[in-house]
Structure formats: C-alpha cells, structure tokens
Amino acid sequence: MNAVSKIGVVSCSGECCTEGTISRIATRIVLEKLRPDNTVTICLPLFSIGEQGERMFAKFFPTIAVDGCDKKCAKNAIEKYSGKTARSIVISDLLKNWNIKDPSPRRQLNKNGLEAAAKVAEEIAVSMDAIFKRGRQS
Amino acid sequence: MKSQEAAERRSRDLSDIVLIIPCSGIGKAFGSISREATYCVVEDMKKGETDTLCLSSLVMGDEDAIRSVKSHRCIAVDGCPNECSKKNLQLLDAKLAANYRVVDVLRENRTLKPNAITFLDEDGLKLARILAERITSKIDELSERGTVR
C-alpha cells in the first residue's frame with residue numbers, strides 16, 4: 001500500500017449544461033476550501049493535445065473524475081490517456097438521487113445549484129479521505 | 001413544396017449559427033473569463049445567432065459535437081497560450097473562423113487584474129466583456145463578408 005499525498009480532481013467543465021457548471025464549481029470548492037493542500041486540478045482538453053505533465057500526473061496519482069452528464073468525458077479521458085480513475089462522480093445522477101430540481105441557469109447557478117455544488121464538493125472530499133485512508137490500491 | 005422550402009431554410013439557418021468554443025480551463029481566472037465571454041456572446045449579444053458546446057465532449061469524440069464543428073463556423077476562445085480549444089478544433093478539422101486568447105486581451109488591458117477564479121471579480125467580468133465585444137465584431141465582420149448569415 002502506497003501513501004497518497006495528492007489527488008487529481010478532474011472536472012468535465014462542460015460549458016453547455018448546468019451540471020457542467022456544478023462539476024466545475026464543486027471542484028474549485030474542494031481545491032480552494034475543503035482540501036487545498038491535497039488537491040490538483042487538471043484541464044481536461046490538455047489531455048488530448050498531449051500535455052505530458054497532465055497525463056503523467058494522472059498516471060501516477062489517484063484521480064477522481066467529476067462529470068456533469070453520463071457521457072462521462074472526464075472519466076473516459078483519464079482512463080484513455082492515463083489509467084483507471086479511483087472514483088467517478090456523475091452530477092446528473094447525484095441530483096436525481098438528492099431530488100435537487102432546477103439548478104439552472106448554467107452561467108450563474110441559483111440557490112439550488114450552489115447548494116448542489118457544495119454537496120458535490122463534500123462528496124468529493126469524502127472520496128478523497130477514503131483514498132488517503134486506504135492508499136492507492138494499484 | 002412549401003414544406004421543402006421551410007426545411008431548406010431551417011437547414012440553412014442552422015448552418016449559419018456560429019459556435020463559440022471556450023477552452024474549459026479550470027485552474028486560472030483565464031479559463032473562467034473565456035467561458036464568461038462565451039456566455040456573453042451566446043446568451044446576450046448574439047443570442048440566436050451563436051451557440052456553444054462542451055470542448056470535453058469534442059475531445060472525447062462525441063459524434064454529434066464533431067459533426068457540429070465540421071458543419072458550422074467556429075470561434076475558439078482560449079484562456080492561456082496552450083490554446084486547447086483552437087488546437088482541438090484544428091485536430092478535428094473543424095471550420096475555424098477565428099480564435100482569441102484571454103492572455104492577449106489581458107496584455108492590452110494591464111490595469112485590469114483578475115484574481116477570482118470560481119466566481120469572477122469585477123476586473124474578470126470587464127475582461128470577459130471586452131473579449132465578448134471583440135468576438136461579436138468578428139461575427140459581424142464575417143456576416144458582412146457573407147460567410148455568416
């Protein structure tokens with residue numbers, strides 16, 4: 001079991017839907033407030049243009065994919081270019097489970113959307129703690 | 001006959017829409033500014049004439065998204081010199097009509113110092129507005145040339 005110091009949180013950043021905005025803001029909350037010393041974010045499109053720093057980080061450190069919709073672009077990108085994700089979170093599924101309705105608009109989240117982002121951030125932080133606890137199992 | 005004409009008009013109108021593709025950057029204010037500039041154009045300044053889509057879905061080979069960037073004029077809006085949006089559109093052989101970088105706009109407006117990332121501060125919003133106006137002018141220019149609308 002290896003000790004884990006950093007975890008990559010990769011948001012899909014989806015611009016076309018509200019769930020993408022939630023994924024991005026939740027990721028920023030983790031980075032800025034909840035786990036600032038242990039979080040690294042990665043720009044997803046950098047993967048596809050061959051940025052080695054991003055790909056290598058995701059290869060050697062655990063990653064959590066935070067996707068807005070079930071296309072799972074973040075999860076698929078990490079697994080295509082670097083390796084298996086430690087956890088995959090899909091915002092649209094969580095909103096359904098939590099019965100959160102109308103978090104629109106995508107450009108500026110309303111109260112429901114901001115609350116959803118805060119809850120997703122907590123979910124990410126809990127997942128990070130679980131990964132730290134068990135170390136990287138690979 | 002009329003319904004055929006209407007279908008052709010719809011098809012032509014759809015192909016006239018310009019897609020504005022921001023870079024999806026999340027680590028710096030530049031990415032947030034590129035996104036806000038895009039929303040300014042798509043939702044306020046050129047509503048109905050423009051649209052956006054997720055760069056992530058393009059990157060991951062979403063067929064609908066790829067078909068869209070091949071059949072519509074695209075404007076890439078990148079935050080930093082990595083130019084992820086422009087490069088990914090070029091890789092996909094999209095119809096790239098223009099590209100902009102937030103860093104260039106920032107260089108020309110050195111008094112503005114955007115700091116906030118998650119929720120843009122005043123300077124970040126000003127830069128986004130400047131960039132959005134530039135994109136809008138480009139769309140007007142393309143339109144005058146008869147390449148859009």
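Reader: What makes Glu63(B) and Arg67(B), on the other side of α4(B), count as exposed?

Author: Happy to start there: a residue is exposed if 12 or fewer other C-beta atoms lie within 10 Å of its own, buried if there are 20 or more, and partly exposed in between, with C-beta atoms placed from the backbone. Glu63(B) and Arg67(B) are in the exposed class. This is a predicted model, in which local features need pLDDT of at least 70 and side-chain atom pairs count only at pLDDT 80 or more, while totals for chains, interfaces and linings use all residues. Residues are numbered from 1 along each chain as its sequence is written, and chains are lettered from A and ligands numbered from 1 in the order in which they are written.

Reader: Which residues of helix α4 of chain B are buried?

Author: Ala65(B), Ser68(B) and Val69(B) are the buried ones in α4, which spans residues 63-71. The name α4 follows from DSSP: helices are runs of H or I with at least four residues, strands are runs of E with at least two, and both are numbered from the N terminus.

Reader: How do you know that the buried residues of α4(B) line one face of the helix?

Author: Look down the axis of α4(B): the buried residues fall within an arc of 90 degrees, so one face holds them. The arc is taken over the directions from the helix axis to the C-beta atoms. As background, an α-helix has 3.6 residues a turn, so residues three or four places apart point the same way. The cover over the buried residues of α4(B) includes β1 (18-22), α3, β3 (73-78), α5 and β4 (95-101) of chain B; a contact here means C-beta atoms, placed from the backbone, within 7 Å of each other.

Reader: Why is Ser24(B) called buried?

Author: Ser24(B) has 30 other C-beta atoms within 10 Å, and the cut-off is 20 or more, so it is buried. Ser24(B) sits in the loop between β1 and α2 of chain B. Its phi is near 75 degrees, a positive value in a residue that is not glycine.

Reader: What makes Glu83(B) partly exposed?

Author: With 19 C-beta neighbours inside 10 Å, Glu83(B) falls below the 20 needed for buried and above the limit of 12 for exposed, so it is partly exposed. Glu83(B) belongs to the loop between β3 and α5 of chain B, and its phi is also positive, near 50 degrees.

Reader: How many C-beta neighbours make Asp140(B) partly exposed?

Author: Asp140(B) has 14 inside 10 Å, which again lies in between 12 and 20, so the label is partly exposed. Asp140(B) is part of helix α7 of chain B. From its C-alpha to that of Asn88(B) is 25 Å in space, with their positions 52 residues apart in sequence.

Reader: Why are α2(B) and α7(B) called oblique?

Author: Helix α2 (residues 29-45) and helix α7 (residues 122-144) of chain B pack at about 50 degrees, their axes 8 Å apart. Axes are lines fitted to C-alpha atoms, for helices over the stretch in contact, and angles run from 0 to 180 degrees between N-to-C directions. Under 35 degrees counts as roughly parallel, over 145 as roughly antiparallel, 65 to 115 as roughly perpendicular and the rest as oblique. An angle of about 50 degrees is in none of the named ranges, so α2(B) and α7(B) are oblique. By class, their contact has 12 nonpolar, three polar and two charged residues. In that scheme Ala, Val, Leu, Ile, Met, Phe, Trp, Tyr, Cys and Pro are nonpolar, Asp, Glu, Lys and Arg are charged, and the others, Gly among them, are polar.

Reader: What is the crossing of α1(A) and α6(A), left-handed or right-handed?

Author: The crossing of α1(A) and α6(A) is right-handed. That term means the near helix is turned clockwise from the far one by less than a right angle, whereas anticlockwise would be left-handed. Helices α1 (residues 18-34) and α6 (residues 111-134) of chain A pack at about 55 degrees with axes 8 Å apart, which makes α1(A) oblique to α6(A). Their contact has 13 nonpolar, two polar and no charged residues.

Reader: Why does Arg106(A) count as buried?

Author: Arg106(A) has 21 other C-beta atoms within 10 Å, and 20 is enough, so it is buried. Leaving aside neighbours within four places in sequence, Arg106(A) is in contact with Cys17(A), Thr18(A), Gly20(A) and Thr21(A).

Terms used
Two residues are in contact if their C-beta atoms, placed from the backbone, lie within 7 Å.
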